[in-house]
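This report looks at how two chains meet and at how strands are arranged within one of them. The structure is shown below, followed by the details.

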Amino acid sequence: MPDSAEPAPLHGIGVSPGVAGGPVLRVAGVPALPAPAPVTDPAAEAGRAVAALREVVAELHRRAGRSGEKTLVDVLRAQAMMAEDPLLLEAVREKVLAGSDGPHAIDAAFATHRAAFEAAGGYLAERVADLDDLRDRAVAVCLGRPMPGVPSPGHRYVLTAWDLAPADTVDLDPEQVVALVTESGGPTSHTAILARALGLPAVVACPGARDLADGTTVLVDGATGLVRVDVDPVEVTAAETADREHRTAVAAISGPGRTSDGRPVALLANIGSARDLAAADGAEGVGLFRTELLFLDRSREPELAEQAEAYREVFAALAGRRVVIRTLDAGADKPLPFLHQADEPNPALGVRGLRLVRQRPELLRTQLAAIARAAEQTGAEVWVMAPMVATRAEAAEFADAVHAAGLPKAGVMVEVPAAALRAGQLLEVVDFLSIGTNDLSQYTFAADRQSGLLAELLDPWQPALLRLIAEVGTAGRAAGKPVGVCGEAAADPLLAPVLVGLGMTSLSMSGRALGPVRAALAARSSADCARLARLALDADDAQRARKAVA
Amino acid sequence: MATRTVTVGSASGLHARPAALFVAAAGAAPVPVTIRTGEKRAVPANSMLSVLSLGAKQGTEVVLEADGEGAEAALDGLAELLARDLDAEEPADA
């Protein structure tokens, strides 16, 4: 038990299970530019300002060296070239020699290019944020302060922040960061997804996280969302050890997913390419094979042969197992250059997913032909599903196209409330349904997935969301067809028994989450699952639903 | 004065990776090289910020200029680089 000296703990939403602790370090903020200072030795000051820019360049190269991802390395190298631009260095030097101090000279030199980028619009206007980041880093170094971003102190620590930006994830060294706690964010925020991918315990939407002083020792429980403050380091070590032992015990449970009374629940993995297959090792198959990766950053649609080869690689590795492949989920919200789509005022509500067929029917035809060709050459049990389906007519048309391509199993994603409400009718024309909880939350609550302020609405424990999942479960049971969840919600070991109680026959998640979910199901009977589902459905809100089940 | 007029071949234009490759190559040239689009002011080709600011897209005509020993050969190399579709040469994301 905590001793009486320990302050009140903080509470947030646990989004990545595990227990870890250590001293807190905050993501360093952007330094404010101080009042201009008189310069006594302009030559030395110019040298200091230029050295600050060179340090930023060196830091970018260090980050590039740490990252294995090629696109990221390219981006970082391009940024380094901006920071060591000879014209920029010359402008900084000139401004210092004309009487400015280093930080102001750096700020002014960047301002010229910033204005040019902004005026150019388009791609260049989007690069303004990169320029600001470089300027902030150089100004910080020049002021003798830490560079803004994720610290790299050389020891283990708990990272706290308002929220993490995609760029921060490059800096994040999993050897040093043992847990994440953010003031903002939600279960589908970037922080949560990153934490799960790295296997780091994480708590988001945690008020007070930003107020923790650097160096305070905290103990983070990424399952319950509890953050204990001023904890004895000996206790931290003991808690981490106990958690590790628990995880080892969990990992020891293997085999297909089932409840304690033997009801099977297929535990599947979400993947984006053959590269993710290693993490999917313990899965019974793949419940969501996203195909977008192949289409990203392409000026032309990948040809049938190239697509077939990429799919074949995945199918071949999964011979004898189920692979649910999802047709291209792109559109105004995830634009692809070769689609040449017009801007839409509400991209999330626009022409995306299967709706693209209305404009580009050949895209789907080619993709289905590629899938069929790839499936032919392998022993995998290939199921095909479409994203963003709202009506029975859309589902029927898709199923016809899948069957016409020679593929036996066609299904659709349930991401739109309309589809959940008519799950029974959809199952008259397709072989299975798969619920994408992230989008279904977004559309049910009219809350943008990217909005940190609305995170609470996007909580998968929201009874209204569970109600729609129950509709799908009931329809699945009536039709005797498989229905599953392939969103982030499936990875929550506490929610998994609830989803099974609501009628789900499969759960698909990132590979790391399989063990805890398998253990959670093994500890419950079908009757328990049904009872827990009832409790969650009847709760007044998401918090109470979680509490009722825990 | 050596001059080459080239049409930008990269699908994404003279941005991002193609720009970085070009600027790095220009920086390694034995003579200072400038680049311009149309009648606009020429900018140093070894300046990433200036090259990006040209906003050159696929199909944009750019003019390279240089003076001095090795200028002809340097411009030949840079012109050849610009004309290629450097995006297409990116290894496909498997």
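## Strand pairing in chain A

Two strands are taken to pair if DSSP finds at least two bridges between them. In this predicted model, strand β12 of chain A, residues 381-386, is joined to β13(A) in the parallel sense over four bridges. Within that pairing, Met385(A) has Gly411(A) of β13(A) as its bridge partner. Strand β13 of chain A, which spans residues 409-414, is mostly covered, five of its six residues being buried.

A second parallel pairing in chain A links strand β5, residues 177-182, with strand β6, residues 202-204, over two bridges. Here the bridge partner of Val181(A) is Val203(A), which lies in β6(A).

## The eight-stranded sheet

Strands β5 and β6 of chain A also appear side by side in an open sheet of eight strands, whose order is β1-β8-β7-β3-β4-β5-β6-β2 and whose pairing is mixed. At the edges of this sheet stand β1 (10-11) and β2 (13-16) of chain A, and because each has a single partner strand, one side of each is left without a neighbour in the sheet.

## Extent of the contact between the chains

The size of an interface is often given as the accessible area lost when the parts come together. For chain A and chain B, the area buried between them is about 1,800 Å², with 66% of it on carbon and sulfur atoms. On the side of chain A, the residues that lose the most area to chain B are Met81(A), Tyr123(A) and Leu124(A), which together account for 26% of what that side buries. Counted by residues, the contact draws 23 from chain A and 21 from chain B.

## Polar links and composition

Two salt bridges are counted between chain A and chain B. One salt bridge joins the side chains of Arg300(A) and Asp85(B), with an N to O distance of 3.9 Å. Between the two chains there are also four residue pairs in polar contact, counted where both residues are at pLDDT 80 or more.

Among the elements of chain A, α2 (70-83), α3 (86-97), α4 (102-120) and α5 (122-126) each supply at least two residues of the side that touches chain B. Of the contributions to that side, the one from α2(A) is the most, with five residues. By class, the side of chain A that touches chain B consists of 13 nonpolar, three polar and seven charged residues.

Terms used
Residues are numbered from 1 along each chain as its sequence is written. Chains are lettered from A and ligands numbered from 1 in the order in which they are written. This is a predicted model: local features need pLDDT of at least 70, side-chain atom pairs count only at pLDDT 80 or more; totals for chains, interfaces and linings use all residues. Side-chain values use heavy atoms; hydrogens and water are left out. Contact means heavy atoms within 4.5 Å. Buried area is the accessible area (1.4 Å probe) that two parts lose on being put together, summed over both. A salt bridge is a side-chain nitrogen of Lys or Arg within 4 Å of a carboxyl oxygen of Asp or Glu. A polar contact is a pair of N or O atoms within 3.5 Å; within protein, one must be able to donate a hydrogen and the other to accept it, and residues adjacent in sequence count only if both atoms are side-chain atoms. Ala, Val, Leu, Ile, Met, Phe, Trp, Tyr, Cys and Pro count as nonpolar, Asp, Glu, Lys and Arg as charged, and the others, Gly among them, as polar. Buried means under 20% relative accessible area, exposed over 50%, partly exposed in between (1.4 Å probe, protein chains only).
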